[in-house]
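Look over the fold below before reading on. The paragraphs after it go from the surface to the interior and then to the charged pairs.

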Amino acid sequence: MSNQIIDLLIKGVQETLYMVIISTLAAYIIGIPLGIIVFITDKKGIRPNRIINFLVGIIINVLRSVPFLILLVAIIPFTRLIAGTTIGVDATIVPLVVAAGPFVARMVESSLKEVDKGVIEAARAMGASDLQIVFKVLIPEAKPSLLVGVTISAATILGYSAMAGFVGGGGLGAIAINYGYYRYKTNIMLITCAILVLIVQIIQEAGIRFVNKTDKRLK
């Protein structure tokens, strides 16, 4: 490979990591509150509310049901409004967050459902308020599962970011499409795929190690 291609791949890795990190953080800022709302307003939640649960659930399900490439194109006006452009790394982050936010919400809801009901009832018996139950019982007890969810979400967002290369997104996906697919350079396609697989493996391994170190149940 030429130095130009190597520099291009290095830049692609940097752009991909930037998109994944920022998008994951933003998706969790949106997804955690949504996941908590869906959990606590469920019919078996600590504050059942069928209307709120239904409306929030519909929003989450609709956004999760749309394939990412279609969503990417469908929200172009919204992307342009937020990012000022529809191409490049910053523009790609907008649809990544829109797609990943509902996914994270369901991950959070699933993690909260793993918490032992007895712990919740004990906290309620001691006079804990709903907010105290959420922030001092549910989230701490669900932390290991939530951290595993971060790993899964980051890997999923990485896959989304690669698909964004078809419509002008940046990162390794754009390199694979523009320099590999369109120019019939199979070696570049294979190299970018290998790098993406390696990044996923690093994310998963780092996430698992972190969870094992912080999970009090394993000590």
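Is valine 73 buried, partly exposed or exposed? Valine 73 counts as partly exposed because its relative accessibility is 46%; buried means under 20% relative accessible area and exposed over 50%, with partly exposed in between (1.4 Å probe, protein chains only). This is a predicted model, in which local features need pLDDT of at least 70 and side-chain atom pairs count only at pLDDT 80 or more, while totals for chains, interfaces and linings use all residues. Residues are numbered from 1 along each chain as its sequence is written, and side-chain values use heavy atoms, with hydrogens and water left out.

Valine 73 sits in helix 3, residues 68-74 (helices are DSSP runs of H or I, at least four residues, numbered from the N terminus).

Turning to the interior, the largest nonpolar core has 33 residues, of which Phe68, Leu112, Ile133 and Leu138 touch the most other members. Such a core is a set of buried Ala, Val, Leu, Ile, Met, Phe, Trp, Tyr and Cys residues joined through side-chain atoms within 4.5 Å. Helix 1 (3-40), helix 3, helix 5 (89-113), helix 6 (117-125) and helix 7 (130-163) each give two or more residues to this core. Helix 5 supplies the largest share, ten residues.

Arginine 47 and aspartate 130 form a salt bridge, their closest N and O atoms 2.5 Å apart (a side-chain nitrogen of Lys or Arg within 4 Å of a carboxyl oxygen of Asp or Glu). Arginine 47 lies in the loop between helix 1 and helix 2 (50-65) and aspartate 130 in helix 7, so the pair ties together parts 83 residues apart in sequence. Salt bridges link Arg47, Arg124 and Asp130 in a network.
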